[in-house]
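This report goes through selected side-chain contacts and a metal site. The sequence and the structure are shown first.

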Amino acid sequence: MQWYLFAGLAMVASAVLPVHAQTWTKQPFDDKFRQLEEILPTPNDYRTGSGAPGHKYWQQQADYTIQVKLDEEEKRVTGSETITYTNNSPDRLSYLWLQLDQNRFDKNSDYNLSMRAQTRYVLKPSNAGDKQSLKDFRGRTSRQNFEGGYQISNLKGANGKPLRHIINKTMMRIDLDQPLLPGQQFSFSLDWEYNMVEAKTHGGRGGYECFEKDGNCIFLVAQWFPRMAVYDDVNGWQNKQFLGRGEFSLEFGNYEISYDVPADHIVASTGTLVNPEQVLSGPQQDRLKRAETAKKPVMIVTEKEARANEEDDTSKRKVWTFKADNVRDVAWASSRKFLWDAWGVKSGDNTVLAMSYYPQEGNPLWERYSTQAIAHTIEQYNKYSFDYPYPVAISVNGPVGGMEYPMMTFNGPRPEIDKEDESKRTYSRRTKYGLISVIIHEIGHIYFPMIVNSDERQWTWMDEGLNTYLQFLAEQAWEENYPSRRGEPRKIIDYMVSAKQVPIMTNSESILQFGNNAYGKPATALNILRETIMGRELFDYAFREYSQRWKFKRPMPADFFRTMEDASAVDLDWFWRGWFYSTDHVDISIDDVRIMQVNTDDPEIEAEWKRERHEAAPRSLTEQRNEELHRRVDDYSELKDFYNEHDEFTVSPKSTKDAEGKLKPYEEWERELLETEGNFYLLDFSNVGGLVMPIILAIEYDNGDVEELRIPAEVWRQDPKQASIQLWREEVITQVTVDPHWETADADISNNFFPRKILPSRLELFKDKKKRNLMKEMQSEE
Ligand SMILES: [Zn+2]
């Protein structure tokens, strides 16, 4: 810290100018606070400027009746469906679009053909040749040989007449003989079949997994039937082709599904089981009833029963029937390996059956954590959004790492089983928390986007980001020091400063660094918004308002941005601009702190002050070395006169009089101010990262006090690169620290201290690699 004299109160205005040259707005100016309304869509009767659905909001409805058969030997799914489509739009529709997601697995799909190779130019340019992991190689080769995609037949209207249609890759258009008018319904049916992918080989969000030991398989069936594409007020038909990443854009509707599976299979599905008496044993039906009011999860299918099913070799079949209302999709799972537990969990006035299905290979992890994690998610997410509205919430263990559907999730982690002794089972810390976290995450998706029905094909962050944010809150409510991967600001820093990135507001298919961009960054941004920018009370209210406004509806990004402002009176346009529309990062540097006291204009005081400064200044080398120097005036004292007695700091009656004269026009209050005691500080900051954020300061004083000062981001509004603030304090500041709690994701903390601090670190030493000595190698061979 440097000491300055603050040159009189009349100079305040110029004194607060930073030492750096001020950049005025006539030069190119980057307005980080420019309002977003010129970027956001114009509000209308469907979506208001407040971010709420408008008074003419509408959405389409698609109801389905499906019969499906699982061919276990051939790993093939065959189905028939009837779709009843209701046109709630104000528009006449002359055609309908359906999504054929299985066509993604056609070997000539755009997904396969446009998949970028991981060449050495992507990974690491060198002449060493290309590299690929065995797993990646397996996936890429088998995708190019697989007979995937739908075979569709028998497409006809309710009158039995075939319907004209065209299949364009993952989309199918049905041409209507007559336009479907507003308010009208149209029913049609079709048959289809396809080969299931082996999940581990192909990736994807469903598929089968077979166990070497007993030959039994788990079938996870998703994106399995032709589904209505979305028609909405923003995009018209959302028929952007499925390239693998941009997930699903779907309409709500009611479903009746019957699953024809081997008789010893257990089926888990979105919806309520309609015919338990036909598919479950008497004791199993009793247990299911008892589970609703039990104090802890109840086994519906025990390990013993599952092991018996595994040994069974039946050719008989059973049909499981389910009903699901107001869902945007249905997924299911089927296996004779499944154990099944269930537990009734309160959600508002409803009881939700939290249920888990897993092979015995999932234990001891699954019986202990899965259903508890479902219950925990519902309890926590209800607090921040709305009460879970569906009758069941399911977690199924299988080959898919983590995937969500309405009421239904697939979750991957399992313990490690000793090859010699099956009873010896261990799991890593990562696997344990990985399982709890993935269940929280996927069950959380039932809220976002299964209920708050955002357009995943367009915006991955709207479900992944919001959900990952709530996942973090739920994880932290599980146990102390829960090892959350995402949410804490300091964890996003490496990504924020990384080179290859795009803004969060980027279409799902074009995102670079997918997990960080669409999950980690928005989740962290929301956590920062809650803790640092808005505060918990304002944020939670606004977030809940957004969730309530848009449950069972289709929000767009602007609806989220607008609602968060509208419900809180916090201008967040700068925040959305910085975090969602740019790739800037946070790095605020404290460059200088100066301390001053008021110039009293009292000649006695000021001369004394100047003399003290003069005496405190270091003596020049010449002065030091001349200390013993013999001077002429020492020999001839007559050379000394008045000026040898009075130095330049001497106060004369004239200077006192002048000072009084200067003060004459001053009013009483002005004179009083000149006697103000205490310290005036100027603090200079620069914004190195580009992202404007509040400046959070811990100010330490010489009496040991620490003051926390939170300067709003608006301090940057007239200059996004440089800001200075002034403080008046009695005490003497000894240290100023920016972002003392690491709450803003400030990337470089070395410039967060004034005075600068030497930060401890480690120097890693390593041994040079030995050069090959062929002669020695040959000699050591016998
Ligand atoms: Zn997710």
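The sections below take up the metal site, salt bridges, aromatic rings and a few further contacts of a predicted model.

## Zinc site

The zinc ion is coordinated by NE2 of His441, NE2 of His445 and two OE atoms of Glu464, at 1.9 to 2.6 Å. The four donor atoms subtend angles of 56 to 153 degrees around the zinc ion, and the arrangement is therefore irregular. A tetrahedral label would need all angles to lie between 85 and 135 degrees, and the range of 56 to 153 degrees at the zinc ion does not meet that condition.

Along the chain, the donor residues of the zinc ion follow the spacing H-x3-H-x18-E. His441 belongs to helix H10 (residues 429-444) and Glu464 to helix H11 (residues 461-476), so that the pair links distant parts of the chain, 23 residues apart. His441 is buried, at a relative accessible area of 8%. Glu464 is buried as well, its relative accessible area being 3%.

## The loop between H10 and H11

Thr460 is placed in the loop between H10 and H11. Its relative accessible area is 5%, so Thr460 counts as buried. The side chain of Thr460 is joined to that of Ser508 by a polar contact of 2.7 Å.

## Salt bridges

Side chains of opposite charge can pair when their charged atoms come close. Over the whole structure, a search finds 51 salt bridges. One of them joins the side chains of Arg47 and Asp559, with a distance of 2.7 Å from N to O. Arg47 lies in the loop between helix H1 (12-15) and strand E2 (61-71), whereas Asp559 lies in helix H15 (residues 557-566); the pair therefore ties together parts that are 512 residues apart in sequence. Arg47 and Asp559 are both buried.

Glu422 and Arg307 form another salt bridge, in which the closest N and O atoms are 3.3 Å apart. Because Glu422 sits in the loop between strand E25 (416-417) and strand E26 (425-426) and Arg307 in helix H8 (residues 303-311), this pair ties together parts that are 115 residues apart in sequence. Glu422 is partly exposed, with a relative accessible area of 29%, and Arg307 is partly exposed with a relative accessible area of 29%. Arg530 and Asp540 also form a salt bridge, their closest N and O atoms being 2.7 Å apart. The residues lie in helix H13 (residues 514-534) for Arg530 and helix H14 (residues 536-550) for Asp540, so the bridge ties together parts that are 10 residues apart in sequence. Arg530 counts as buried, at 5% relative accessibility, while Asp540 counts as partly exposed, at 22%.

## A salt-bridge network

Which residues are joined into one network by salt bridges that share partners? The network consists of Lys213, Asp214, Glu303, Arg307, Glu310, Lys337, Glu361, Glu422 and Arg425. Glu422 and Arg307, described above as a salt bridge, thus appear among its members. Lys337, also in the network, lies over the face of Phe211, at 4.2 Å from the ring centre.

## Aromatic pairs and a charge over a ring

A pair of aromatic rings is described by the distance of the centres and the angle of the planes. In the whole structure, a search finds 54 aromatic pairs. Among them, Tyr231 and Trp237 form a tilted pair, at 5.2 Å centre to centre and with 55 degrees between the planes. Tyr231 and Trp237 are both buried.

The rings of Tyr259 and Trp332 are also tilted, because their planes stand at 35 degrees, with the centres 4.4 Å apart. This pair links distant parts of the chain: Tyr259 lies in strand E14 (residues 253-262) and Trp332 in strand E19 (residues 332-335), 73 residues apart. Tyr259 is buried, at a relative accessible area of 0%. Trp332 also counts as buried, at 0% relative accessibility.

A charge is placed over a ring at Trp609, where Arg613 lies over the face at 4.9 Å from the ring centre.

## His202 and Gly139

His202 is part of helix H5 (residues 199-202). At 5% relative accessibility, His202 counts as buried. How far apart are His202 and Gly139 in sequence and in space? They are 63 residues apart in sequence and 5.2 Å apart in space, from C-alpha to C-alpha.

Note on methods
Residues numbered from 1 in each chain as written. Predicted model: local features only at pLDDT ≥ 70, side-chain atom pairs only at ≥ 80, totals over all residues. Heavy atoms only, no water. Phe/Tyr/Trp six-rings, centres within 6.5 Å; stacked < 30°, edge-to-face > 60°. Buried < 20%, exposed > 50% of the residue type's maximum accessible area, 1.4 Å probe, protein only. Helix = DSSP H or I, 4+ residues; strand = E, 2+ residues; numbered from the N terminus. Lys NZ or Arg CZ within 6 Å of the ring centre and 35° of its normal. Salt bridge = Lys/Arg side-chain N within 4 Å of Asp/Glu carboxyl O. Donors = N, O, S within 2.8 Å, 3.2 Å for Na, K, Ca; no water. Tetrahedral: all angles 85-135°; square planar, octahedral: opposite > 155°, others 65-115°. Polar contact = N/O pair within 3.5 Å; in protein donor to acceptor, adjacent residues only side chain to side chain.
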